[in-house]
Amino acid sequence: MEIVMGVVLGFVAWLVIRCVLTGFYAVDQNQRAVKTVFGRAQRLGSLTTSDDPISESLRDDEKDRYCFPQVRVIMPGGPYFKWPWERVYKVSVATETVNMAFDPASPQANKGGTVLEAVTKDQLNTGLTGQIRYQVSERNLYAYIFGVTSPIAHVMGYFVSVLRERIATFEAPGKKEADADAVSVEGISINDLRKNLRDLNEHMDKECQCSQARYGIRLDASLITGIDPPPEVESALAAINTAHNQVSSDISLATAAADQRIVASRRAVEIETLKADAEVEPLRRLAAQLAELKRGGGNAAMAAYVRNAKLALFVQANRVIVEAKP
């Protein structure tokens, strides 16, 4: 009888310890939690991520593949209680920053996670440096906790593949087809990339919006800070840039000189036109006055005017030659 009582008391003590002392838990301010009952996460009815706006960034063929159930999220606070057959999964939703060359599956890759290599459209192997800010998405905790193995590795792999594809096909915005000759001179893709880092970062942010629906991780921002070629081609690239700058300078000087000549020619034409107008204007006024004189006085008035004009000329002349009449 004592043995049975001991077993019962032991079971009761174990049950108290198991259910009471270890059954309470709390969720920190920067954490979110999901509870499972017999291994099944508590869900919000039949809702899935397809019913959430985060899936709008997915392609049509991806929406079925990345369709995860929406789960009940336990917010910060407590104490909360759970039964022995329940389990609580806590995740941090604080913003994290990692080097974009970091490979969770192989920490030694990419030169120890410091430099990410990519090939440009002109077959130049270049090194990229920068950071990525990300955080776990509250709106798709199922994918992060249960749906994807090592979600950060998937996100980094997706980011790297999108970045390398963009580097390989990047062309500076604003180049016109009419400037094809200039493009052939200036079209060093690494220079275009360096000048358009902001556009490159914005493109990566836009393309990676779907990571929240895919893997339960939201990329806050990508910051690519450096794009550098290998040391063995740095000197050659510097020489090309120097030659390009010299050519650009010569073209600019020639263009400026041509513009100055055009402006000077226009001004010369304007000056000569004004001179001609100044010489013609008195004749126009004289013709208008003679027409008015003829209308008012007739031929007699015109004859008198011509006679007076001849007298003024005779006064100024030193010799007058008169044609003899037969």
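**Exercise 1.** In this predicted model, find the residues in contact with Phe 159, leaving aside its neighbours within four places in sequence.

*Solution.* Start at Phe 159 and skip the sequence neighbours within four places; the contacts are then Met 100, Ile 132, Met 204, Cys 208, Leu 219 and Ser 222. Next, place Phe 159 in its wider setting: together with Leu 128 and Leu 163, Phe 159 has the most contacts inside the largest nonpolar core, a set of 44 residues. Elements that each supply at least two residues of this core include β10 (125-136), α5 (151-169), α8 (197-207) and β11 (217-228). The top contributor is α5, with 8 residues. Finally, look for a separate group: a second core has 5 residues, among them Tyr 25, Val 27, Ala 33 and Ile 74.

**Exercise 2.** Work out why Cys 210 forms no bond with the closest cysteine sulfur.

*Solution.* Let's begin with the total: the structure holds 0 disulfides. Cys 208 is in no disulfide, and its nearest cysteine sulfur belongs to Cys 210. Now apply the cut-off: a disulfide needs sulfur atoms within 2.5 Å. The two sulfurs are 6.8 Å apart, so they are too far for a bond. As a last step, check burial: Cys 208 is buried at 3% relative accessibility, and Cys 210 is buried too, at 5%.

**Exercise 3.** Describe the second largest pocket by its volume and its lining.

*Solution.* First, the volume: the pocket holds about 160 Å³ of space. Then list the lining, which includes Ser 57, Arg 59, Glu 62, Tyr 158, Lys 206 and Cys 210. Sorting the lining by class gives 5 charged, 3 nonpolar and 2 polar residues.

Definitions and conventions:
Residues numbered from 1 in each chain as written. Predicted model: local features only at pLDDT ≥ 70, side-chain atom pairs only at ≥ 80, totals over all residues. Heavy atoms only, no water. Buried < 20%, exposed > 50% of the residue type's maximum accessible area, 1.4 Å probe, protein only. 1 Å grid on protein atoms, 1.4 Å probe; cavity = no way out; pocket = protein on both sides within 12 Å on 5 of 7 lines; lining within 4 Å. Points joined across faces, edges and corners; volume = space filled by probe spheres on them. Nonpolar A, V, L, I, M, F, W, Y, C, P; charged D, E, K, R; others polar. Core = buried A, V, L, I, M, F, W, Y, C linked by side-chain atoms within 4.5 Å. Helix = DSSP H or I, 4+ residues; strand = E, 2+ residues; numbered from the N terminus. Contact = heavy atoms within 4.5 Å.
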